[in-house]
Amino acid sequence: MNQRKEDFFMKKALSLILAVIMAFSLCTVAFATDTAEKPFDNSNFFTSGEYTIHYRTYEPDRKAKGQILLVHGFCLSTASLEGIAEQYCKAGYFVVTVDAPNFGYSTRETLDMELVDRESLIFALMEELGGNWILGGHSMGGGIALNIATDHPEKVKGLVLYAPQSVAQMPGSIMKVMVPVMGAMCNLILKIALKVPAIVRMLVDMSFSDSEYANNYDLNRISDPMRLEGTGTGVAVMTSHARAVDFAKVAQLDVPAVVITAKEDKVASADNLQQIIDALGDNAVTYECEKGGHMMMEYNPQLVAEKTLPTIGLCK
């Protein structure tokens with residue numbers, strides 16, 4: 001088999017692995033963050049019940065024009081949002097990026113916990129920090145942002161979404177039976193992937209749609225948080241109670257919105273993305289990036305900021 005065919009089949013296999021993980025909407029468990037240890041200089045922790053949520057703040061050097069809260073995508077963390085958060089901060093906004101439960105440096109879930117929706121936890125953080133917010137999210141995080149906006153429209157001034165996706169909500173009774181099996185599968189996939197950098201590198205290549213960029217990407221930005229205890233199991237637990245986007249409620253929102261897509265996105269479901277754009281209707285402005293794939297806001301944060309800031313400026 002020649003090298004081109006080997007690469008083709010390797011990419012197909014990795015696509016299948018990623019699709020399986022995405023379908024399970026990774027759920028996980030039992031990592032209790034020590035708030036005395038800050039992963040980043042701008043790290044903070046918010047506690048609600050049995051959950052500890054890691055978030056990072058970006059303070060502008062002048063009076064803030066407004067507040068933006070951003071949620072990362074599946075298998076990612078606040079690290080993927082650093083560039084775009086810095087751009088918004090330079091433009092005069094107070095920015096918060098947050099690790100959803102089971103990812104980054106937030107709590108991993110277990111079935112022994114009193115489970116709480118991701119949306120409720122992040123909204124509790126918003127309330128703790130105070131004020132109204134422009135909500136943003138990448139991929140899975142875009143779906144979370146939309147759910148918070150439809151739950152609490154009075155607190156949301158606008159939306160900025162990067163290739164947003166809605167999870168497929170599973171029947172709770174079925175998922176509780178499947179969680180142990182899913183957890184074992186996720187743990188196995190993570191164990192294999194994290195021990196073989198080439199697998200992670202190819203997944204990064206698929207996400208950015210740029211091999212040269214992927215070859216120079218620091219894999220620890222993704223791998224380090226995923227190595228935390230309970231990540232595989234937690235992914236399964238999350239799936240058992242993750243919420244789908246209610247498109248009818250999204251259609252009722254009346255706030256400025258901007259949706260960033262990517263021409264070479266190999267990860268997002270085009271149909272799912274279009275459903276979200278259609279539901280937002282006339283409120284939404286869309287822009288398609290030529291490069292950067294599914295991770296366009298990390299690949300070129302300056303361009304994405306340039307295309308989203310005009311809409312953000314309308315959020316009063």
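Colleague: Which residues line the largest cavity?

Modeller: The lining consists of Cys 75, Leu 76, Ser 77, Ala 79, Ser 80, Tyr 217, Arg 221, Ile 222, Pro 225 and Glu 298, where a lining residue has an atom within 4 Å of a cavity point. Residues are numbered from 1 along each chain as its sequence is written. The model is predicted, with local features needing pLDDT of at least 70 and side-chain atom pairs pLDDT 80 or more, while totals for chains, interfaces and linings use all residues, and side-chain values use heavy atoms, without hydrogens and water.

Colleague: What makes a space in this structure a cavity, and how many of 30 Å³ or more are there?

Modeller: On a 1 Å grid over the protein atoms alone, a 1.4 Å probe must fit but be unable to get out. The structure holds three such cavities of 30 Å³ or more, and the largest has a volume of about 60 Å³, counted as the space filled by probe spheres set on the points.

Colleague: Which helix gives the most to the lining of the largest cavity, and how do its lining residues divide?

Modeller: Helix H8 (residues 220-226) gives the most, with three residues; a helix here is a DSSP run (H or I) of at least four residues. The lining of the largest cavity comprises six nonpolar, two polar and two charged residues.

Colleague: Why are H3 and H4 called roughly perpendicular?

Modeller: The axes of helix H3 (residues 118-129) and helix H4 (residues 140-151) cross at roughly 70° and come within 9 Å. Angles from 65 to 115 degrees count as roughly perpendicular, and H3 and H4 are therefore given that description. H3 passes H4 in a right-handed crossing.

Colleague: Which residues of H3 and H4 meet?

Modeller: Arg 118, Glu 119, Ile 122, Phe 123 and Met 126 of H3 meet Met 140, Ile 144, Asn 147, Ile 148 and Asp 151 of H4, contact being heavy atoms within 4.5 Å. These residues divide into six nonpolar, one polar and three charged.

Colleague: What makes H2 and H13 oblique to each other?

Modeller: The axes of helix H2 (residues 82-90) and helix H13 (residues 301-312) come within 9 Å and cross at roughly 50°. Oblique covers angles that are not under 35, over 145 or from 65 to 115 degrees, and H2 and H13 are therefore oblique. Gly 83, Ile 84, Gln 87 and Tyr 88 of H2 make the contact with H13 residues including Pro 301, Val 304 and Leu 309. The contact of H2 with H13 holds seven nonpolar, four polar and no charged residues.

Technical notes:
1 Å grid on protein atoms, 1.4 Å probe; cavity = no way out; pocket = protein on both sides within 12 Å on 5 of 7 lines; lining within 4 Å. Helix = DSSP H or I, 4+ residues; strand = E, 2+ residues; numbered from the N terminus. Nonpolar A, V, L, I, M, F, W, Y, C, P; charged D, E, K, R; others polar. Axes fitted to C-alpha atoms, helices over the stretch in contact; angles between N-to-C directions. Left-handed = near helix turned anticlockwise from the far one by under 90°.
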